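Colleague: I have a model open and would like to go through it with you. Can you take my questions as they come?

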Amino acid sequence: MRRRLGESWWRALSGAGLDQQRWRSWPAWTRRAIKATVALVAGLVLIALFGVWSSSALAIAAAVLVLVVPSWDRLRVGGRPVGKWIPGLAVLGIAVAYPYYLDSMPQMPVFGPFPAVSTMVVMAIFAMMAIGLNFVVGYAGLLDLGYVAFYAMGAYMAAWFASDQFSNKHINLGAVGLFPGWAGIHLTIWLVLPMAGIATAIVGVIIGLPTLRLRGDYLAIVTLGFGEIMPQVAQNGNDLFGFNLTNGTGGITPVDGPGFGNWAQANLHLLANYLNAGNFDAVFFWTALVLVLIAVFCSSRLRDSRLGRAWVAIREDETAAAAMGIPLMRTKTWAYATGAFFGGVAGAYYASYRSGTFPDDFKFNISVFILCMVILGGMGNIWGVIFGACFLAYLNQEGLANTGAWINAHFHSNIQVPNYEFGIYGVIIVLVMLFRPEGLIPSSRNAAELHEGVHDEPLYDVQQGGGLPEAAA
Amino acid sequence: MPTLAAVLLGLLLVWLVVNFVQGPAYFITIFFIGLTLGAVYALVALGYTLVYGILELINFAHGDVFMMGGMFSATMILSVFHLGAHPSTVSLVLAVIVSLLVAMLACGVLNAAIERIAYRPLRNAPRLAPLITAIGVSFILQDVAIGWKGPSYTSVPQVLPRGNVFSISGVTYTWEKLIVVLITLPVLLALIWLVQRTRQGKAMRATAQDRDAAAMMGINVNRTISFTFLIAGALAGAGGLLYALYFNQVRYDTGFQLGLIAFTAAVLGGIGNLPGAVLGALAIGFIQAFNEGLTWHTPGSDWTQSIVFSILILILVFRPEGLLGERSPEGG
């Protein structure tokens, strides 16, 4: 981001007739004054874009400028480079405080109001799923078109272990908010989340072991097959040889909400039952943020680990990686299991938030939706993936409806924009793959791979009279 | 592993035989339904196999091109020829032939245009890039169909006659099923002639074998690839017409599911192998018809998709070269 800004700064300068040398020859205070003026103008443009001269718009502009303009990476305290943490922490702080200042936010141009807190919960959950898919697609380079199967597995784990589904059992382990006369298995959500993750990871391994020998597009097809079978099993699972596993198309509802129980509320000031909280959505949002943070932490630590480097090696050249002694199957299976883990946790949390699990939620479309987040944001880059997930989940929840309303109001048309949701995602996928295959916020390594290409310049694309093809760019 | 396969096949055989003994006439009627389904699948599966043979690309948008073929046909029959149910023979033959040609041409051009816009710029990219683009194109086509015909079913009148060709001791074969096969056969024969006997077909086969070597022999590779997409699209268009006529309804998502099933058929027969695609399509057609029609210990239509995809997964994992086999899907 910062380097990009620097590059565009130099380009703007040379556009104005100033080369780098001449710029540097000026006294420092002149340069600083010019930079400050440009930043001020940029801020004013930003405010003008928001259309209102309100204090909150000013605050947004100030926050953006403070985060983007100074060279935070150079800041050192006591010789330790603390600067690189500041933008991330600031963004986190802004996110945590979001429910408190949402009401004073201005209208956005075209998109309308800022997303509601309930939308933010969904955005955070999808961010977690996208981080999970990023392990498989972004790091290991295995195209998974059936990620929804993991989401479904996690959601059904929550539905089985935190609802009345198996009504001949009577098990309660720390669940909150049970009605008198409850039946079934009720475990506390804090146990269900890791259980869902682990069960889903095991499913990932089971799916992965026979199929990961296949390369590229065939793996994609097999995962797609699993992704199609899973919802059908969920849909028809109300009578598996007489056993009601998934309650069919009706789905399983209600699923218990999270909570820490009365003892924790009395002694630790933790919330006893989320569903009774006044700021219901905000509590769910903060918990989702914690889950996302855990996912981000695991993702960034794993990326730089031995395993993560093995994934990247496999993505770039499977044969070479195998020749260097990387165990292909084990490494790929780990990528699958890790990705599945986060998909499962996100699915279980979503089931708890929506208080239900329905087979209609697990269509192929959702797999592509999550894949689209990863591609749009930038395969392999955690921040890119989170951005892609937040943006698309927002579009899906509110953005498209708002944008459609804006378009219809301004052009006197009557287009049901949300109907064309997946066509819009299709356009996004095609445009990104054609013009910016590394995504909006790329990781430099993926970008290099995508621009270099994997094949030599083919003979048949050589222009007439152009002589020999140039050495691979 | 071979023993397991043998046991499974044996069980399948027992299941078929028991079902046959329980009602031979009914069984054969179901068999004819399977044949008709297989014919439609074959047209779509051939498109997958042609494109995969030449580019090693799974053209996800192919099923949606097929769906657009159904939409074109529906438009021709409803708005251009204004056919109702039970039209006269002359107008029926004329309408079907003209609609067939229009649908084939439109879908061929559409498919070639998709290749030009969305796949050709990515020819040197990693293999997953055009695959992802293909998924995007698939969604775009579906939404084009929503914008054009709306999100609900477009119904096509029953123009094909439903009378019996023959009815022997309870076994009936209706005209509509025969017509579907009668339209499919010449299209398939023309395709085989084109690929095996013509200069253009030779260029296609050469390009599929080795693109660079073909270029050195003076073959215009880009044009050959475009031509292959044109042919594949035309086959999908023909399939779309037959689907619209036989099932009497098309919807924006018709192509996606059917495309996946047809792709399974192509993999089953050995992708890249033209006779294999037809064989695989017939096999899938029978599997679907028997699963949905037979009564003795049959999973039923709720499970058709799961069965088809399980076959796909099993084939890919245990015999990736398919029944007839040509190239290894490992890609290697």
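Modeller: What follows goes through the chains, their contact, a helix pair and some single residues.

Colleague: What kind of model is this, and which pLDDT limits apply?

Modeller: This is a predicted model, in which local features need pLDDT of at least 70 and side-chain atom pairs count only at pLDDT 80 or more, while totals for chains, interfaces and linings use all residues. Residues are numbered from 1 along each chain as its sequence is written, and chains are lettered from A and ligands numbered from 1 in the order in which they are written.

Colleague: Start with chain A. How many helices and strands?

Modeller: Chain A has 19 helices and 3 strands. These are DSSP runs numbered from the N terminus, with helices being H or I of at least four residues and strands E of at least two.

Colleague: And why is it called as compact as a globular protein of that length?

Modeller: The radius of gyration of chain A is 25 Å, close to the 23 Å that the globule rule gives for 473 residues, so chain A is as compact as a globular protein of that length. The radius is taken over C-alpha atoms, and the rule is 2.2 Å times the number of residues to the power 0.38. The C-alpha trace of chain A spans about 80 × 60 × 60 Å along its principal axes.

Colleague: What share of chain A is buried?

Modeller: Buried residues are 40% of the 473 in chain A. A residue is buried if 20 or more other C-beta atoms lie within 10 Å of its own, exposed if 12 or fewer, and partly exposed in between, with C-beta atoms placed from the backbone.

Colleague: Which domains does chain A have?

Modeller: Domain 1 covers 1-71 and domain 2 covers 97-461. The bounds come from an automatic or database domain assignment. Taken over C-alpha atoms, the centres of the two domains of chain A are 37 Å apart.

Colleague: Same questions for chain B. What is its make-up?

Modeller: Chain B comes to 12 helices and 4 strands. Its radius of gyration is 20 Å, close to the 20 Å from the globule rule for 332 residues, so chain B is as compact as a globular protein of that length. Of those 332 residues, 50% count as buried. The C-alpha atoms of chain B fill a box of roughly 60 × 55 × 40 Å along the principal axes.

Colleague: How many residues does each chain give to the contact?

Modeller: Chain A gives 38 residues and chain B gives 44. Two residues are in contact if their C-beta atoms, placed from the backbone, lie within 7 Å.

Colleague: Which element of chain A gives the most?

Modeller: H10(A) does, with 12 residues on the side of chain A that touches chain B. That side divides into 25 nonpolar, 10 polar and 3 charged residues. Ala, Val, Leu, Ile, Met, Phe, Trp, Tyr, Cys and Pro count as nonpolar, Asp, Glu, Lys and Arg as charged, and the others, Gly among them, as polar.

Colleague: Now helix packing. At what angle do H11(B) and H12(B) pack?

Modeller: Helix H11 (residues 274-293) and helix H12 (residues 304-318) of chain B pack at an angle of about 145°, with their axes 10 Å apart. Axes are lines fitted to C-alpha atoms, for helices over the stretch in contact, and angles run from 0 to 180 degrees between N-to-C directions. On the H12(B) side the contact is made by Thr304(B), Ile307(B) and Val308(B).

Colleague: Back to chain A. Which peptide bond is cis in the loop after H10?

Modeller: The bond from Thr253(A) to Pro254(A) is cis, with omega near 0°. Most residues other than glycine have a negative phi, and most peptide bonds are trans. Thr253(A) lies in the loop between H10 and helix H11 (261-268) of chain A, and counts as partly exposed because it has 16 C-beta neighbours inside 10 Å. Leaving aside neighbours within four places in sequence, Thr253(A) is in contact with Ser355(A) and Gly356(A).

Colleague: What is phi of Asn247(A)?

Modeller: It is near 65°, a positive value in a residue other than glycine. Asn247(A) is in the loop between H10 and H11 of chain A. His412(A), not a glycine, has a positive phi of about 50°, and is exposed, with 7 other C-beta atoms within 10 Å.

Colleague: Last one: is Ala127(A) buried or exposed?

Modeller: Ala127(A) is buried, with 27 C-beta neighbours inside 10 Å. It lies in helix H7 (residues 117-139) of chain A. Its C-alpha atom is 7.2 Å from that of Val385(A), 258 residues apart along the chain. Not counting residues up to four places away in sequence, Ala127(A) touches Val292(A), Ile386(A), Ala389(A) and Cys390(A).
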